[in-house]
Amino acid sequence: MGIFIYENVSKSVTKAEWEKVYEETLVLVDAFPLAERSAITYSGKKVICAVRSKEREMNLRGYKKLGWSADMDYDTLDVAEEFFLPRDLIGDKQVCPEAGDSMMGGLQWFLDSGDDTDSDEKFNQTYFLWDSKTQGEPYHLYLLAIACLIEDRPGEKAFVYTKIKQS
């Protein structure tokens, strides 16, 4: 069984729009009991523990990125997959004003067209931020609230959706 949260942001979002939304997510991250696993040194030994989620520089796939992540809540410590949100979504990439509605990035998963929509450019005009399982753990609702905030602020430039699979 898998319970997912997906978040797409259109490549038409500007750096200023994203920065404003990202700053609002930090307010929620601070208010919610989100946590992440972290390696710390205690009594000379490296241990893995839960730490409160907050903005920090992280090493992701060999690149240093500033952002926040969560893979559990601090109250129950029930853990699932990691959700990371970068501060610098746009980076050095150009804004594509004609990228269109971010829903197109998620629509391909619901089409039963029989062809490969991955290669269709109209479906590839989004930043695919989240594609992870929460397994319905308590942190799911906190992340969903943040995803809904991200969707609300830039209008059609962001889209949140979910998939619940039962075997």
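**Entry 1: Terms and overall layout**

Strands, such as the one I looked up for Met 58, are DSSP runs of E with at least two residues, numbered from the N terminus. I note at the outset that this is a predicted model. I found Met 58 in strand S4.

I then read the layout of the chain as a whole. The chain holds three helices and eight strands. Starting at the N terminus, I recorded the order β-α-β-β-β-β-β-α-β-α-β. Of its 167 residues, 41% count as buried. I also looked up the contacts in the chain with a separation of 6 or more: residues 24 or more positions apart account for 68% of them.

**Entry 2: Met 58**

I returned to Met 58 and asked whether this residue is buried or exposed. Met 58 has a relative accessible area of 9%, and because the limit for buried is under 20%, Met 58 is buried.

I listed its contacts, leaving out residues up to four places away in sequence. Met 58 touches Glu 36, Tyr 63, Lys 64, Lys 65, Gly 67, Trp 68, Ser 69 and Phe 84. For one of these partners, Phe 84, I noted the separation: 26 residues in sequence and 9.7 Å in space, C-alpha to C-alpha.

**Entry 3: Asp 73**

Next I examined Asp 73, which is placed in strand S5. Its relative accessibility is 2%, so Asp 73 counts as buried.

Which residues does Asp 73 contact, leaving aside neighbours within four places in sequence? I found Pro 33, Leu 34, Ala 35, Asp 78, Pro 138, Tyr 139 and Tyr 142. I also recorded a polar contact of 2.5 Å between the side chains of Asp 73 and Thr 76. Asp 73 and Ala 50 lie 23 residues apart in sequence, and their C-alpha atoms are 9.0 Å apart in space.

**Entry 4: Helix H3**

Tyr 139, a contact of Asp 73, led me to helix H3, which covers residues 139-152. This helix has 14 residues and reaches 20 Å from its first C-alpha to its last, close to the 20 Å expected at 1.5 Å a residue.

I looked up which residues of H3 are buried: they are Tyr 139, His 140, Leu 143, Ile 146, Ala 147, Leu 149 and Ile 150. I kept a general point beside this list: an α-helix has 3.6 residues a turn, so residues three or four places apart point the same way.

**Entry 5: The largest nonpolar core**

In soluble globular proteins, nonpolar side chains tend to be buried together. Here I looked up the largest nonpolar core, which has 27 residues. The members that touch the most other members are Trp 18, Leu 34, Trp 68, Trp 130 and Leu 143. Two or more residues each come from strand S1 (2-10), helix H1 (15-31), S5 (63-73), strand S6 (79-86), S7, H3 and strand S8 (158-165).

**Entry 6: Ser 132**

Strand S7 spans residues 126-133 and includes Ser 132. With 12% relative accessibility, Ser 132 counts as buried. A polar atom of its side chain lies 3.3 Å from the backbone oxygen of Glu 82. Beyond four places in sequence, Ser 132 touches Ile 3, Phe 4, Ile 5, Glu 81, Glu 82 and Phe 83.

**Entry 7: Aromatic rings**

I counted ring pairs next, and the total comes to eight aromatic pairs. Why is the pair of Phe 159 and Tyr 161 called stacked? Their ring centres are 5.0 Å apart and their planes stand at 20 degrees, and planes under 30 degrees apart count as stacked. Both Phe 159 and Tyr 161 are buried. Ring pairs join these two residues with Phe 4, Tyr 6 and Phe 128 in a cluster.

I also noted a charge over a ring: the charged end of Lys 11 sits over the ring of Tyr 127, 5.8 Å from its centre.

**Entry 8: Two residues with positive phi**

Most residues other than glycine have a negative phi. I looked up two that do not.

- Ser 43 is not a glycine, yet its phi is positive, about 50 degrees. Ser 43 sits in the loop between strand S2 (34-42) and strand S3 (45-52). Its relative accessible area is 67%, so Ser 43 is exposed.
- Arg 61 also has a positive phi, near 50 degrees. Arg 61 belongs to the loop between strand S4 (56-60) and S5. At 81% relative accessibility, Arg 61 counts as exposed.

Definitions and conventions
Residues are numbered from 1 along each chain as its sequence is written. This is a predicted model: local features need pLDDT of at least 70, side-chain atom pairs count only at pLDDT 80 or more; totals for chains, interfaces and linings use all residues. Side-chain values use heavy atoms; hydrogens and water are left out. Helices (H or I, at least four residues) and strands (E, at least two) are DSSP runs, numbered from the N terminus. The expected span of a helix is 1.5 Å times one less than its number of residues. Buried means under 20% relative accessible area, exposed over 50%, partly exposed in between (1.4 Å probe, protein chains only). Rings of Phe, Tyr and Trp (its six-membered ring) pair if their centres lie within 6.5 Å; planes under 30 degrees apart count as stacked, over 60 as edge-to-face and the rest as tilted. A charge sits over a ring if NZ of Lys or CZ of Arg is within 6 Å of the ring centre and within 35 degrees of the ring normal. A polar contact is a pair of N or O atoms within 3.5 Å; within protein, one must be able to donate a hydrogen and the other to accept it, and residues adjacent in sequence count only if both atoms are side-chain atoms. Contact means heavy atoms within 4.5 Å. A nonpolar core is a set of buried Ala, Val, Leu, Ile, Met, Phe, Trp, Tyr and Cys residues joined through side-chain atoms within 4.5 Å.
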